[in-house]
Amino acid sequence: MERLEGKIALITGGARGLGLAIGRRFREEGAQVVINDLDPEAAQKAATEIGGSSLAADVSDSAAVAAMFDEVASQHGRLDVLVNNAGINGIEDDPERAADFRNRMLAQASEAVSGGPIETHLDATVEATDDDWHRMLAVHLDGTFFCSREALKIMNPQMSGCILNMGSIMGTAGGAGSAAYCAAKAGILGFTRSLAREVVTRNIRVNAIAPGWIDTDFTSFLNETKMLIAAQTPMGRLGDVDDIAWAAVYLASNEAKFVTGQTLSPNGGWHMSQ
Ligand SMILES: NC(=O)c1ccc[n+]([C@@H]2O[C@H](COP(=O)([O-])OP(=O)(O)OC[C@H]3O[C@@H](n4cnc5c(N)ncnc54)[C@H](O)[C@@H]3O)[C@@H](O)[C@H]2O)c1
């Protein structure tokens, strides 16, 4: 219960899903938690729920991120853990597009199980706009960089700290129809390893978590295709948010004091190489 006693932790995209679950477990383990999210009300509601505080900012906005970390420094005077968790799937705000993608996945799967030929194509990359591509990289990759850079301005003089970056199994396995997301997550894994080497001299650890398929709002668009994913997963199910939150607690705690530059991947056996 005291694995993170006295630590100050900032979690981006913490208003719901994995970020909120991480915030809840961090609180239980004794950390003071600052919840970041896009929407100030959603961030504050989550913070109130777990007994933390909130700071709204778009992580892809460099100036907003700098202002948020200035606020952390002035409110707390230090930062022990940054969780770069904010993320988008690219279609959550477009139900029509999500349904179209899902239908194509289902049609393809049905053609495959009936022995082919495959006549349904996902065509997501050829249909993606410049904005789709840039927004995906901006939230995940720019956001991780902007927040890490500002966090290091606080952690470097402390000569201590821990950064956790949310990757995905998609960053190594790839995923049909999600090239921009996979590129962003692969970039985050490379960023993690490089930064880990750079800041080790300052006693700062940097690790990634690469979740498998987890039941959150992020994956709700999958609807009935979740059955296909569960069937492809050796453990026969999607993960729950605590499957990731406990990994974050471990990596942020002193139990992981010899762990840096690593990717921990709770994924039910879906993917066995990170
Ligand atoms: N759910 C999964 O299956 C899964 C699998 C692998 C990786 N991930 C990653 O885990 C992270 C969290 O996923 P989740 O399932 O909790 O998703 P979610 O959609 O439930 O939560 C994401 C949160 O991030 C916030 N957010 C989005 N853009 C933001 C921005 N620009 N600035 C600040 N906040 C922003 C959202 O408002 C939301 O509260 C993401 O990085 C996602 O890519 C999720």
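# A guided tour from the central strands to the ligand

Begin by selecting I11 and I35: I11 stands opposite I35, a residue of strand β2. The model on the screen is a predicted one. Now extend the selection to the strands. Strand β1 covers residues 8–11, and 4 bridges join β1 to β2, the two running parallel. To follow the connection between them, trace the chain from β1 through α1 to β2; this β-α-β crossover is right-handed.

**The other side of β2**

Keep I35 selected and add S54, which is the bridge partner of I35 in β3. Strand β3 consists of residues 53–56, and it runs parallel to β2, with 4 bridges joining the two strands. Next, display helix α2, residues 40–50; together with β2 and β3 it makes a right-handed β-α-β unit. How many of the 6 residues of β2 are buried? The count is 5, and β2 is accordingly described as mostly covered.

**The whole sheet**

Select every strand in turn, following the order β3-β2-β1-β4-β5-β6-β7. These 7 strands form an open sheet, and their pairing is parallel. Which strands stand at the edges? They are β3 and β7 (263–264); each has a single partner strand, so one side of each is left without a neighbour in the sheet. While inspecting the strands, one may recall that side chains in a regular strand alternate between the two faces of the sheet.

**The edge at β7**

Move to strand β6, residues 204–209, which runs parallel to β7 and is joined to it by 2 bridges. Select A208 and T263 here, since T263 in β7 is the bridge partner of A208. Continue along the chain into the segment after β7, where N267 lies. Is N267 buried or exposed? Its relative accessible area is 11%, and N267 is therefore buried, the cut-off for a buried residue being under 20%. Display the side chain of N267 and look for two backbone atoms around it. A polar atom of this side chain lies 2.9 Å from the backbone nitrogen of G269. The backbone oxygen of H271 likewise lies 2.9 Å from a polar atom of the N267 side chain.

**A stop at helix α9**

Select L228, which has its place in helix α9, residues 226–232. The relative accessibility of L228 is 33%, so this residue counts as partly exposed. Add M105 to the selection: L228 and M105 are 123 residues apart along the chain, and their C-alpha atoms are separated by 9.8 Å.

**The ligand and its surroundings**

Finally, select the ligand. How many residues surround the ligand? There are 30, and the closest are R16, L18, D37, Y181 and T216. Three contacts with oxygen atoms of the ligand deserve a view of their own:

- In the side chain of R16, an N or O atom is 2.7 Å from an oxygen atom of the ligand.
- In the side chain of D37, an N or O atom is 2.5 Å from an oxygen atom of the ligand.
- In I214, a backbone N or O atom lies 2.8 Å from an oxygen atom of the ligand.

Now show the protein surface around the ligand. On its own the ligand has 820 Å² of accessible area, of which the protein covers 95%. Colour the elements that give two or more residues to this shell: α1 (17–28), β2 (32–37), α6 (130–158) and α8 (179–199). The largest share, 3 residues, comes from α6. To finish, colour the shell by residue type, which separates 13 nonpolar, 11 polar and 6 charged residues.

Notes: Residues are numbered from 1 along each chain as its sequence is written. This is a predicted model: local features need pLDDT of at least 70, side-chain atom pairs count only at pLDDT 80 or more; totals for chains, interfaces and linings use all residues. Side-chain values use heavy atoms; hydrogens and water are left out. A residue is near a molecule or strand if one of its heavy atoms lies within 4 Å of it. A polar contact is a pair of N or O atoms within 3.5 Å; within protein, one must be able to donate a hydrogen and the other to accept it, and residues adjacent in sequence count only if both atoms are side-chain atoms. Accessible areas come from the Shrake-Rupley method with a 1.4 Å probe; for residues, only the protein chains shown count as cover. Ala, Val, Leu, Ile, Met, Phe, Trp, Tyr, Cys and Pro count as nonpolar, Asp, Glu, Lys and Arg as charged, and the others, Gly among them, as polar. Buried means under 20% relative accessible area, exposed over 50%, partly exposed in between (1.4 Å probe, protein chains only). Two strands pair if DSSP finds at least two bridges between them. A crossover is right-handed if, with the strands pointing away from the viewer, the path from the first strand over the helix to the second runs clockwise.
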